[in-house]
Amino acid sequence: MAEGVSWRGRGAAATFAGVTGTYDTNYPVTNLADLINVSQVCRVTPAASAVAFTFIMPAAVSVQFMALVRHTLLAGSTFRLRLWSDNNPDPVGNPGNIIHDSTATAVWPTGAPVTGWPSIRPYLMSAAVTARSGRIDLASVSGAIEIGGVEVGEFWSWDQSPGKALGFLPRAPKIDQVGGSFDLPDQWVPRQMDGQLDAIALATAATTGIDFQKWAGRKQPFVYVQDTTDATSWPRSCALMTNREVPSSVGVKHRYDQFQFRFAEHWR
């Protein structure tokens with residue numbers, strides 16, 4: 001089990017290109033790079049039940065995490081992530097520079113999509129590699145699919161302290177009615193997650209912690225995962241988030257800080 005967040009996402013600077021499948025010209029493969037406007041999806045019809053696309057980053061960077069964000073893949077589909085040390089993500093012409101291969105991996109190892117909840121497929125590697133490019137192959141795809149974006153970057157793993165609050169952040173205005181009653185209009189209600197690390201080593205709080213806050217601010221989306229190994233939990237607890245707030249860390253004892261999180265689900 002690993003809980004944590006993706007960060008230093010590289011997808012926004014990457015160049016995506018379709019390899020297999022027919023990509024809708026109104027919803028092109030280039031939309032995979034944009035997690036901010038995640039509702040602008042990539043839509044593709046498979047060829048012989050297969051889809052494939054590549055991405056090339058401007059420079060070699062550290063990668064340990066990948067996620068298919070807001071996808072419509074069903075149980076039975078698989079993905080395969082391969083990463084290269086150079087800018088030639090060709091498994092036939094450039095196999096020698098492959099530095100990571102997930103092999104064919106179930107999109108839903110257990111469980112399945114849950115109606116009303118956007119699906120995210122997180123994938124955490126055992127160790128980071130320095131990659132310049134990658135290719136994702138999808139197999140056993142039954143029909144046209146959509147993917148809101150691809151997160152590829154680093155991962156901050158933690159053991160959160162007791163007291164985590166995962167719930168909703170209502171945004172619909174209350175409408176007062178005659179007689180003292182009120183009505184809440186139907187609309188999407190984003191999730192929120194509040195929590196903290198009661199005693200995080202100062203060496204981490206003063207580097208990874210503050211770097212994450214500076215990188216993400218209150219605008220940059222990232223993927224929060226409650227449990228990377230429990231696919232049945234992903235529909236309800238794995239979400240594309242942004243920081244609602246960036247609280248300061250607080251010293252609690254010598255060389256240890258309390259570090260707080262205030263996340264809200266991102267949807268645009």
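**Strand pairing, burial and exposure in a predicted model**

Student: Which residue of β15 is the bridge partner of G4?

Tutor: The bridge partner of G4 in β15 is V225. Please bear in mind that the model is predicted.

Student: What makes β1 and strand β15 a pair?

Tutor: Pairing requires at least two bridges between the strands. Strand β15 (residues 222-225) shares two bridges with β1, so the requirement is met. The sense of this pairing is antiparallel.

Student: How many bridges join β1 and strand β10, and in which sense do they pair?

Tutor: Five bridges join β1 to strand β10 (residues 145-158), and the sense is antiparallel. Within β10, W156 is the bridge partner of V5.

Student: Why is strand β1 described as largely enclosed?

Tutor: A residue counts as buried when its relative accessible area is under 20%. Five of the five residues of strand β1 (residues 3-7) are buried, so the rest of the structure largely encloses this strand. For the protein as a whole, 47% of the 268 residues count as buried.

Student: Why is S248 called exposed?

Tutor: The term exposed applies to a relative accessible area over 50%. S248 has a value of 60%, so S248 is exposed. This residue lies in the loop between β16 (239-243) and β17 (250-253). Its C-alpha atom is 43 Å from that of V44, with the two positions 204 residues apart in sequence numbering.

Student: What is V19 called: buried, exposed or partly exposed?

Tutor: The relative accessible area of V19 is 42%. Buried means under 20% and exposed means over 50%, so a value in between makes V19 partly exposed. V19 belongs to strand β2 (residues 15-20).

Student: Which residues does V19 touch, leaving aside those up to four places away in sequence?

Tutor: V19 touches A52, F53, T54 and R135. Contact means heavy atoms within 4.5 Å. The C-alpha atoms of V19 and R135 are separated by 9.2 Å, although these residues are 116 apart along the chain.

Student: How do you know that the protein is as compact as a globular protein of its length?

Tutor: The protein contains two helices and 18 strands. Its radius of gyration is 20 Å, and the globule rule gives 18 Å for 268 residues; the two values are close, so the protein is as compact as a globular protein of that length. Along the principal axes, the C-alpha trace spans about 65 × 55 × 30 Å.

How values were computed: Residues are numbered from 1 along each chain as its sequence is written. This is a predicted model: local features need pLDDT of at least 70, side-chain atom pairs count only at pLDDT 80 or more; totals for chains, interfaces and linings use all residues. Side-chain values use heavy atoms; hydrogens and water are left out. Helices (H or I, at least four residues) and strands (E, at least two) are DSSP runs, numbered from the N terminus. The radius of gyration is taken over C-alpha atoms; the globule rule is 2.2 Å times the number of residues to the power 0.38. Buried means under 20% relative accessible area, exposed over 50%, partly exposed in between (1.4 Å probe, protein chains only).
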